[in-house]
Structure formats: structure tokens, C-alpha cells
2 protein chains.
Amino acid sequence: MHGYGQYCPLARGAEVLGDRWTLLIIREMLHGVTRFNELERYLPGISRSVLAQRLRHLTRMGLIEHQDGAGGQRPEYLLTEAGRDLRPVVDVIGTWGARWAFGDPDPAELDPDLVVTWISRHLAREHLPARRVVVQFDVTGSATRRYWLVIEPDDVSVCMQDPGFGTDAVFRADARTLYRVYLGELTLPEAQRSGRLDLQAAPGMAGQVPTWFAWSRFAPAVREGAARRAVRNGPDPG
Amino acid sequence: MHGYGQYCPLARGAEVLGDRWTLLIIREMLHGVTRFNELERYLPGISRSVLAQRLRHLTRMGLIEHQDGAGGQRPEYLLTEAGRDLRPVVDVIGTWGARWAFGDPDPAELDPDLVVTWISRHLAREHLPARRVVVQFDVTGSATRRYWLVIEPDDVSVCMQDPGFGTDAVFRADARTLYRVYLGELTLPEAQRSGRLDLQAAPGMAGQVPTWFAWSRFAPAVREGAARRAVRNGPDPG
DNA sequence: CAGTATCCGATGCGATACTG
DNA sequence: CAGTATCGCATCGGATACTG
């Protein structure tokens, strides 16, 4: 038995959305991800069979449409209106999670690929120059991983090799700090002052670079949650 | 492995709230239900072990507090601030469910006890007289079940025997109609006109009785969803 | 009333290999 | 690239019985 046996809008919603991984798949699709292997890449830990099963289920439920890859097109999954209307659901659960369920990260959660991808998804277009810029991220740790964000006026990509266009700015921090800054637990100036993050840029540009990044939409709620925990537990030692 | 391995507010929220039955338990607690056996009664189909496991988990996660039944007190589960702050989550998922995932009921979902309880939870206090009123519900079906709502200025109870105070009004309808009216798919006048629901009241009171009921908070969204389905499928035959 | 303990069957899910 | 097929373990969860 899969349903709750109740004729209730909340129960129905939970039946459609409550399966493991489903909300995270929706989150990715709201960010514009449309292809099977891309979804798999952005959801480390999901198995291909579960991803396929979820996509089938969401298609049957009318949340997504599967454009078959006929005629040389690549197959795509697109949100329907019902699917796009889940943005408030994702927002409100994420906001609640940030406020009330967001403690410290487990070390295994600090995937550097993921945080750089997330950062690349929340750029402040209006503050970016009208030309291509390249921002390098050095994520330190047992082995430093290096990424280049290539930000064109209408496209962003994350590379793991130097694209060779020159570099406008370099961030250097460990994964935990980068996550905390992205999520709003730490502001960029705070991270810099504490020595956990170093930002280098050409002299004329150093003031602009921080404005290019919008960070997480949940940052205010994360900060609120962190502040409340600090009050209850005493100031954050680390 | 239980978590998603991501340091993300949405993933954290989903880890806490995503277990089967959890959101429905929260829904009941937001309605003021605090006791173990009451929760079990309002969640037909949940097993005692799962209910206990969920309550333990939610307690550990800080959403509820367990007042131990020491000193002759009855044990109670109470929402903490984190738990009370889930009301927007329940609202937004229920609203989405009403709009996009709310088809016809499965016959097994038409539990008459449940709908009468739900109706009793959404009275329009401001329109009720300042004295006790009794409203009888005859839920027709293979066997008619009869309920009495005893509405006192500061208390409501559902009885399955005539409380003996006299009856101010009598609703008579099958469970499906009662659910549809409660959920807003059908207005009370529509249900009466179609002959699916009969409402009897003392002559001087007939106009007041319908104002006593506020019906479901999701009624507008349910109506919206029903209207959209009607446009796509042609007018509702039943 | 308010749970806990035990059992066992279903299935959820990750891993891997395979296909067009 | 975009999935499907198969396998086998783990755990989820419903039923029932039992306890203070």
C-alpha cells in the first residue's frame, strides 16, 4: 500500500512528493536541468534505477513531460505547469530546513564539485560586466581541487581545466568555508577577515567581484537559524 | 543510508519531514491533537510501532516535546516552535496537492468518521450562537451512520449516540458528497440543489446553519483544481 | 491509556552489467 | 548519451501480542 487512504489535499500532495529523492529532482529541474545523466551527476548517491523510476512516476503524475529523443533531438525532461508550481513548496521546505534543521555539515557532505556548481547557478547577472569573465576556485583540503567558472553574458560553465582565457579573480578556501559562505552562514567579508577565505583579483576589479555572486536563496533563513543556535549554545567557536 | 549526503537546506528539511506519515502527524498536531491514541485514531492505517518511531524521531529533531505522564498527568506530545513553524509547509503542500494532485476519491478513502471530525474542526466561531448547539449528520451509504456534533461555546465533540439535548439541524448526504462539500469541490447550495445533500433546520434557523461551517482551508485551491480539470475533460458528469 | 517487543513479508534501493 | 534489466541485501512497516 502506497497511499494514505485519506481524501485530503495534504495526503495527496505527500503521496506524489514524498518519495525519497523526489524533491531534490524537482529542485534540479527548477534550476533548468533537463537531462537524465545531468540529473544523475547533480544528485550524487541516487541510483540510475531510482532516478528512472522517479521520472516515470512524476511523468505519470503530470509534473514533468518527457520529450522523446526522436529526430536527432536529445531526450529531455521538462516541468509542466504543475511541476513549475512546486517552486513555493521547495522554497518553504528549504526555508524551514535552513531555520530549524540545519546544523553543521557532515564531512562527507562537503562535495567540492557540488558547491562550485551551486555557486555558478546563482550569479548576479545585473552586476556582471557585459564581457566574458573567468573566476577560479581553489578548494583546499587533503588535495586542492581547482575549478574555473567561465561566465559569458548568456552562459555559465564550470571547467576543471584552465580554459586559457586568463583569470579575473581567484577564490581560495576549504569546502566547508565555501559552503558556509554560499549558504549565508558566513558573509564573504567575515570569511576573509577570519582568514578562512582568500580572494585575489586585479586591483581595479577587487571591489566588484563580490557583487557578482548572489549566493543561496536560503541564505537569510540559514543566518537566522545560525543566530538562534548561537544564542542557545553560546558563540560559535569554529 | 538515510540522508542525502548534501549540505543543503532543502535536503535537510526533506530528511526530517520526508518519512512516511510524518506530515500527516504534523497536520494532526497543528490541529491540537496531543495524545498517542488520539493520533492513532485520526490516522487510520498507521501502525502503533511506526507512530511511536515517528514521535521519537520528531522529538529528537526538536519538532515536538514529550511531556512525560508523571504526577498523574496524562502524557502529551506538544509542538515546539520549530514544529509550529511547519504550518506554512503543510499549507503550501496541501494547496499544491489540491490544485494538481486531487482527482476523485477512491471509495476506500471515504471514511465517514474522518470527514465528520474534520468538519467539526473548522467551525466559524464568530457565526455560532453563544449557547450550545447540536448538529446531526446522517452519512448515508450501505449502512447509514449517524453523528451528533455538540458545539459548546468553548468545546466541540463528536458523538455517535444522541446526546439528548435536542437537535438544531440535520445534514443528510453520502460520504462522497460530504467530503466534496467539506473540501470545496461543491458548495453547500450546489449540493442541495442537486439533491445530493439535504439540510433540515428549525424555520427560524435555516438561514444561519450554513454560516456555522468554515469547511476546509484548502477549499479555494480544490475548487481551482476542479475547475481546471473540468475545462480539460469536459463538464463533470457525476 | 500509552506505549514496547517481536515477527516476518514486501519493497525500496544501490550496484552492476547490458543495450540501442 | 540515455536509459533498462537483474540481483540481492537492508529496512520499512503492518500485525499482533504484551506490559506498566
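Two residues are counted as in contact if their C-beta atoms, placed from the backbone, lie within 7 Å. On that basis, 46 residues of chain A are in contact with 46 residues of chain B.

Before I continue, a note on the model. It is a predicted one, in which local features need pLDDT of at least 70 and side-chain atom pairs count only at pLDDT 80 or more, while totals for chains, interfaces and linings use all residues. Residues are numbered from 1 along each chain as its sequence is written, and chains are lettered from A and ligands numbered from 1 in the order in which they are written.

Let me return to the interface. Helices (H or I, at least four residues) and strands (E, at least two) are DSSP runs, numbered from the N terminus. Which elements of chain A give two or more residues to the side that touches chain B? They are helix 1 (9-17), helix 2 (22-30), helix 6 (87-100) and helix 10 (219-233) of chain A. Helix 6 of chain A gives the most, with 11 residues. By class, this side of chain A holds 32 nonpolar, eight polar and six charged residues. Here Ala, Val, Leu, Ile, Met, Phe, Trp, Tyr, Cys and Pro count as nonpolar, Asp, Glu, Lys and Arg as charged, and the others, Gly among them, as polar.

Next, the symmetry. Chain A is superposed on chain B by a rotation of 180° with 0.0 Å of shift along its axis, at an RMSD of 0.0 Å; the fit is by least squares on the C-alpha atoms of residues with pLDDT of at least 70 in both copies. That is the relation of a two-fold axis. In chain A, the C-alpha nearest the axis belongs to Gly18(A), 2.9 Å from it. Of the interface residues of chain A, 100% are also interface residues in chain B, so the copies meet through the same surface.

I turn to one residue in each chain. Trp21(A) lies in the loop between helix 1 and helix 2 of chain A, and has a positive phi of about 80° although it is not a glycine. Most residues other than glycine have a negative phi. Trp21(A) is buried, with 20 other C-beta atoms within 10 Å; the term buried requires 20 or more other C-beta atoms within 10 Å of the residue's own, with C-beta atoms placed from the backbone. In chain B, Trp21(B) lies in the loop between helix 1 (9-17) and helix 2 (22-30), and its phi is near 80°.

Now the sheet of chain A. Five strands form an open sheet in the order 5-4-3-6-7, with mixed pairing; strands pair if DSSP finds at least two bridges between them. Its edge strands are strand 5 (155-159) and strand 7 (197-201) of chain A. Strand 4 (residues 145-152) and strand 5 of chain A pair in the antiparallel sense over five bridges, and Glu152(A) stands opposite Asp155(A) in strand 5 of chain A.

Finally, the DNA. Around DNA strand D there are 17 residues, of which Phe36(A), Ala52(A), Pro75(A), Arg20(B) and Ser47(B) come nearest; a residue is near a strand if its C-beta atom, placed from the backbone, lies within 6 Å of it. Two or more residues each come from helix 3 (36-42) and helix 4 (48-60) of chain A and from helix 4 (48-60) of chain B. By class, this surface has five nonpolar, six polar and six charged residues.

Conventions. A residue is buried if 20 or more other C-beta atoms lie within 10 Å of its own, exposed if 12 or fewer, and partly exposed in between; C-beta atoms are placed from the backbone.
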